[in-house]
Amino acid sequence: MITGITGQDGGYLAKFLLDKGYRVIGLYRRGATDTFSKLKEHGILDKIELEDFELLEFSNICRLIKKYKPDEFYNLAAQSFVAASWQEPIYTAQADGMGVLYILEAIREFSPKTKFYQASTSEMFGKVQEIPQKETTPFYPRSPYGCAKLFAHWISVNYRESFGIFACCGILFNHESPMRGKEFVTRKITDHLAKLKLNLVQKPLELGNLNAKRDWGHALDYVEGMWLMLQQEKPDTYVLSTGETHPIRDFVQEAARACGFDIIWQGDGIDEIGIDRNTNKTIVKVNPKFFRPAEVELLVGDPSKAQEILGWKRKISYKELCRLMVEEDIKRYESKLSDYMGVMVEAGK
Ligand code: F7E
């Protein structure tokens, strides 16, 4: 059973489990627009049993757990956009924090043998107390999202220790892919660069803090780590990360290179711009609208425990990730363009 089946990680995990012969029950929120596009792109929509689900509706969680008594339950549902958590702090706290307690209560009551995976996050490290961050690093969240996830993390550990629930927490550092939502910085960058390359837009990409550093891996590698955690003899907490960190500016540069742009940076702070050396065109500029009230400046995780105990290792490098994301966005726009041209030719225009 997977909550958040329509999101980036839900799609990759469902595909991974189906390939292993699992029966997958996907829980989704009714009413969202274009809900199943990622599952369609993975080609697995017809292979998943779908159920309506709302994290804040305890009765509905109880009913589903009672009905299926799943062997494994992956909780990937959340209000996961950090910036939005300052606009919707109460909803974020309820869904990302309390929602997890609802699931744990339902498991404890109706299916105590279910193995539970909680999507904990590097956002809990926030203003980092140690470099690199590992399982034992003290937490210091910097957003309502990070605070809500911290409650969810500790309540999962507590249910493991109090009631013997097989609850695992994966402290996952940023993980991206061509399926990432466009509100997150990596996909926002690759999507806009693809449009610039194909001349579908002229205006530069507008970003916030270019100095923040993130430890970016590919989501495909990370879902394997989630599964490995639930295959161990004992439940535990693990960091999944690459151990490398790069500033946002560097991701822009790398993705731009894969698009054929050669960016040089000029100016400082809110006046900084990125210009294409060959055409002199401004590709990137800063817009303070995208700054956050409190920033997580640096994340870099130490994945040694997952490597040693789970035998987990990321396979896709940072450079490959940037390239794959840009190439996929270019392909998507090219195929939309060729569909459009086809329609125009048919219409005789
Ligand atoms: O921001 C900076 C921004 O929104 C990354 C979620 O999956 O990973 C994700 O959270 C950085 C921040 O991801 C823009 O200020 C600059 O420093 O891609 P993001 P996130 O906040 O790190 C963690 C592990 C999670 O758990 C979350 O659910 O990029 N940044 N300019 C920008 N960010 C965005 N979104 N848009 C900008 O224009």
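Q: Where does Lys69 lie, and what makes this residue count as partly exposed?
A: Lys69 lies in the loop between helix H3 (58–68) and strand S4 (72–75) of what is a predicted model. Its relative accessible area is 46%, and since buried means under 20% and exposed means over 50%, Lys69 falls in between and is therefore called partly exposed.

Q: What is notable about the phi of Lys69?
A: Lys69 has a positive phi, at about 40°, although it is not a glycine. Most residues other than glycine have a negative phi.

Q: Which loop holds Asn199, and why is Asn199 called exposed?
A: Asn199 is placed in the loop between H6 and strand S8 (205–207). With a relative accessible area of 53%, Asn199 passes the cut-off of over 50%, and so the word exposed applies. Asn199, although it is not a glycine, also has a positive phi, of about 60°.

Q: How do you know that the peptide bond from Ile131 to Pro132 is cis, and where is Pro132 placed?
A: The omega of the bond from Ile131 to Pro132 is near -5°, and the bond is described as cis. Most peptide bonds are trans. Pro132 itself belongs to the loop between strand S5 (115–121) and helix H5 (144–163).

Q: Why is Ala167 called buried, and which residues is it in contact with beyond its neighbours within four places in sequence?
A: Ala167, which is found in strand S6 (residues 166–172), has a relative accessible area of 0%; buried means under 20%, so Ala167 meets that condition. Once the neighbours within four places in sequence are set aside, Ala167 is in contact with Phe116, Ser156, Arg160, Pro235 and Asp236. For one of these, Pro235, the separation from Ala167 is 68 residues in sequence but 5.7 Å in space, taken from C-alpha to C-alpha.

Q: What makes Ile90 count as exposed, while Ala93 counts as partly exposed?
A: Ile90 is found in helix H4 (residues 89–110), and Ala93 is placed in helix H4 as well. Ile90 has 61% relative accessibility, which is over 50%, and it is therefore exposed. Ala93 has a relative accessible area of 36%, which is neither under 20% nor over 50%, and so it is partly exposed. In space, Ile90 and Pro144 are 8.4 Å apart, C-alpha to C-alpha, with their positions 54 residues apart in sequence, whereas Ala93 and Tyr145 are 7.0 Å apart and separated by 52 residues. Leaving aside neighbours within four places in sequence, Ala93 is in contact with Met98 and Ala148.

Q: Why is the pair of Phe16 and Trp227 called edge-to-face?
A: The structure holds 14 aromatic pairs, among them Phe16 with Trp227. The ring centres of Phe16 and Trp227 are 5.6 Å apart, which is within 6.5 Å, so the rings pair; their planes stand at 65°, which is over 60, so the pair is edge-to-face. Phe16 in helix H1 (residues 8–19) and Trp227 in helix H7 (residues 219–230) are 211 residues apart, and the pair thus links distant parts of the chain. Both Phe16 and Trp227 are buried. Elsewhere, Phe125, Phe139, Trp154 and Phe173 form one aromatic cluster.

Q: How do you know that Lys20 lies over the face of Trp227, and that Arg249 lies over the face of Trp265?
A: Lys20 is at 4.4 Å from the ring centre of Trp227, and Arg249 is at 5.8 Å from the ring centre of Trp265. The distance cut-off is within 6 Å of the ring centre, and each residue is placed over the face of its ring.

Q: What describes the way helix H6 meets helix H8, and which kinds of residue make the contact?
A: The axes of H6 (residues 185–197) and H8 (residues 248–258) come within 10 Å and cross at roughly 35°, and the crossing is right-handed. From H6 the contact draws on Val185, Thr186, Ile189, Thr190 and Leu193, and from H8 on Ile248, Phe251, Val252, Ala255 and Ala256. These residues divide into eight nonpolar, two polar and no charged.

Q: What makes Asp250 count as partly exposed?
A: Asp250 is placed in helix H8, and its relative accessibility of 27% is neither under 20% nor over 50%, so it counts as partly exposed. Asp250 and Leu210 are 40 residues apart in sequence and 8.5 Å apart in space, from C-alpha to C-alpha.

How values were computed: Residues are numbered from 1 along each chain as its sequence is written. This is a predicted model: local features need pLDDT of at least 70, side-chain atom pairs count only at pLDDT 80 or more; totals for chains, interfaces and linings use all residues. Side-chain values use heavy atoms; hydrogens and water are left out. Axes are lines fitted to C-alpha atoms, for helices over the stretch in contact, and angles run from 0 to 180 degrees between N-to-C directions. Helices (H or I, at least four residues) and strands (E, at least two) are DSSP runs, numbered from the N terminus. A crossing is left-handed if the near helix is turned anticlockwise from the far one by less than a right angle, and right-handed if clockwise. Contact means heavy atoms within 4.5 Å. Ala, Val, Leu, Ile, Met, Phe, Trp, Tyr, Cys and Pro count as nonpolar, Asp, Glu, Lys and Arg as charged, and the others, Gly among them, as polar. Rings of Phe, Tyr and Trp (its six-membered ring) pair if their centres lie within 6.5 Å; planes under 30 degrees apart count as stacked, over 60 as edge-to-face and the rest as tilted. Buried means under 20% relative accessible area, exposed over 50%, partly exposed in between (1.4 Å probe, protein chains only). A charge sits over a ring if NZ of Lys or CZ of Arg is within 6 Å of the ring centre and within 35 degrees of the ring normal.
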